Amino acid sequence: MLVLDKHGRPLQPCTPARARKLLAAGRAVVHRHTPFVIRLKDRTVQDSEIQGVEVGVDPGSKATGVAVFTTRAGARTGLLAIEIRHRGGQIRDKLTARAALRRGRRSRNLRYRAPRFNNRARPQGWLAPSLRHRVDTTMSWVDRLRRWTPVTQVHVETVAFDTQLLQNPTIQSTEYQAGELAGYEVREYLLEKWKRRCAYCNATGIPLNIDHIHPRARGGSDRIANLTLACVPCNQAKGSTPVDVFLTDRPAVLARILRQAKTPLRDAAAASSTRWALWRALTGTGLPVQVATGGRTKWNRHRTGAPKTHTLDALHTGALDTVVRWPNTTLVATSTGRGSYARTRSNRYGFPRLHLPRKKQVHGFATGDLVHAVVPTGVKRGTHTGRVAVRTTGKFNIRTTTRLVQGIHHRHIRLLQRADGWAYTRQPEGQPTHA
């Protein structure tokens, strides 16, 4: 558990059992619900012994892993695991929709709008908003952790070295194709793209072969769009049979494979575009920033036997000897934004169908607040904890981790935490995550 002193400055994190004792004894109060932070009432930084913690960051396109850990004699102990789920895809879609609206507005018979070309300059290091969002949200969580924990160092996975070039400075052209890493990058990308499962039978946890969707014997190429993963039985059964013949009796599987095969390299490009921007932002904090490679992270993970997740990759980033322990659960923080400026909702034809209230808070609650409701009677009887959606009628909707509960009166609801643009859930550590 994260701990602050009486003045709100970070102390060394403690165990959940210790936090419960401090709260029960009245020595601490709850400072924040999620992530759970307590504030001591009788302790200051000067009176405390602080060892310090380190933060590991594993940046990704759809999700970024953040791990808080302590290091002693090369052995790391995980304290907190956070998976940040970005909304870059939503931002891209909204920008595309806005561009379409503006393009249509120019072609309609409306009032004349003079062209403006003096605001198109982009500064050095400019990133698209969907890419900048990934950097900003990651830095937002690093800044939060600096407020709640005594961070002394940051480790970030950011660099991919050309090891063949390091060993042979004169290597060039097709010599790359026959070196030690021949096919390695392709296989790793396919494992991520196809979720480490057989494309034909969805089998996992077994050896997987690289298979040509359109067989090479029938003119298929070695391009990444023509490659997939198949278990040994499926690979042998398919052989040189065309995929549409092999999956004649399974049209849904055929459609899924053909659709997923055409998935562009968007995620890989997004991660590559933002990694150095993230590194520059981290160095701007003034903390020592250690840069690590993805190969080193994977090697560390194989030595400790840890599964492949973003948060465990963050814990295994950089130089280490071993990992003593990692958290059992991961806090999943999904970026939701802070609402919309639009005060209307339109139908499928674009005409407004309702108007939203101008006032954001209703009976002291706002949409997105984390609340706890205790309903004593009725069909909604029980306790419900989740994010609230307010209504001017005073009967709100609460979305928990499992369901949506509608029409709960505000007098049964207690505020836990104000909306901060994030939706929080928890999942067991070790579950596969987004790319």
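## Exercises on a predicted protein model

The mean positions of the 74 positive and 27 negative charges of the protein chain lie 15 Å apart. Keep in mind that the model is predicted.

### Exercise 1: The whole chain

**Task.** Find how many helices and strands the protein chain has. Then state what share of its residues is buried.

**Solution.**
- Step 1. Start with the secondary structure. The protein chain holds eleven helices and 21 strands.
- Step 2. Look at the extent. The C-alpha trace spans about 70 × 70 × 55 Å along its principal axes.
- Step 3. Turn to burial. The protein chain has 435 residues, and 39% of them count as buried.
- Step 4. Add the surface. The accessible surface is about 25,500 Å². Carbon and sulfur atoms account for 52% of that surface.
- Step 5. Check the contacts. Among contacts with a separation of 6 or more, 62% join residues 24 or more positions apart.

### Exercise 2: The nonpolar cores

**Task.** Which residues touch the most other members of the largest nonpolar core? Identify the helix that gives the most to this core.

**Solution.**
- Step 1. Recall the background. In soluble globular proteins, nonpolar side chains tend to be buried together.
- Step 2. Find the largest core. This core has 32 residues. Ile 82, Trp 141 and Leu 282 touch the most other members.
- Step 3. Name the helix. Helix 3, residues 129-148, gives the most to this core, with seven residues.
- Step 4. Zoom in on Leu 282. Set aside residues up to four places away in sequence. Leu 282 then touches Met 139, Val 142, Val 154, Val 156 and Val 289.
- Step 5. Look for another core. A second, separate core has 20 residues, including Tyr 200, Ala 230, Cys 234 and Val 243.

### Exercise 3: The domains

**Task.** List the assigned domains of the protein chain. What distance separates the centres of domain 1 and domain 3?

**Solution.**
- Step 1. Read the bounds. The assignment gives domain 1 (1-50), domain 2 (180-264) and domain 3 (355-419).
- Step 2. Take the centres over C-alpha atoms. Those of domain 1 and domain 3 are 29 Å apart.

### Exercise 4: One loop, two residues

**Task.** Is Ala 366 buried or exposed? Do the same for His 363.

**Solution.**
- Step 1. Locate Ala 366. This residue sits in the loop between strand 15 (352-355) and strand 16 (370-375).
- Step 2. Apply the cut-off. Buried means under 20% relative accessible area. Ala 366 counts as buried because its relative accessibility is 8%.
- Step 3. List the contacts of Ala 366. Leave aside neighbours within four places in sequence. Lys 360, Gln 361, Val 388, Val 390 and Arg 418 are in contact with Ala 366.
- Step 4. Follow one partner. Val 388 is 22 residues from Ala 366 along the chain, yet their C-alpha atoms are separated by 7.4 Å.
- Step 5. Move to His 363. This residue also lies in the loop between strand 15 and strand 16. His 363 has a relative accessible area of 48%, so it is partly exposed.

### Exercise 5: Backbone details

**Task.** Which peptide bond is cis? Which residues other than glycine have a positive phi?

**Solution.**
- Step 1. Check omega. The bond from Thr 34 to Pro 35 is cis, with omega near -10 degrees.
- Step 2. Place Pro 35. This proline is in the loop between strand 3 (28-32) and strand 4 (37-40).
- Step 3. Check phi. Asn 202 is not a glycine, yet its phi is positive, about 65 degrees. His 363 also has a positive phi, near 55 degrees.
- Step 4. Place Asn 202. Its loop runs between helix 5 (184-193) and strand 9 (208-212). Asn 202 is partly exposed, because its relative accessible area is 38%.

Key: Residues numbered from 1 in each chain as written. Predicted model: local features only at pLDDT ≥ 70, side-chain atom pairs only at ≥ 80, totals over all residues. Heavy atoms only, no water. Helix = DSSP H or I, 4+ residues; strand = E, 2+ residues; numbered from the N terminus. Buried < 20%, exposed > 50% of the residue type's maximum accessible area, 1.4 Å probe, protein only. Contact = heavy atoms within 4.5 Å. Areas by Shrake-Rupley, 256 points an atom, 1.4 Å probe, with all protein chains shown as cover. Lys, Arg positive; Asp, Glu negative; His and termini not counted. Charge placed at Lys NZ, Arg CZ, Asp CG, Glu CD. Core = buried A, V, L, I, M, F, W, Y, C linked by side-chain atoms within 4.5 Å. Domains from an automatic or database assignment.
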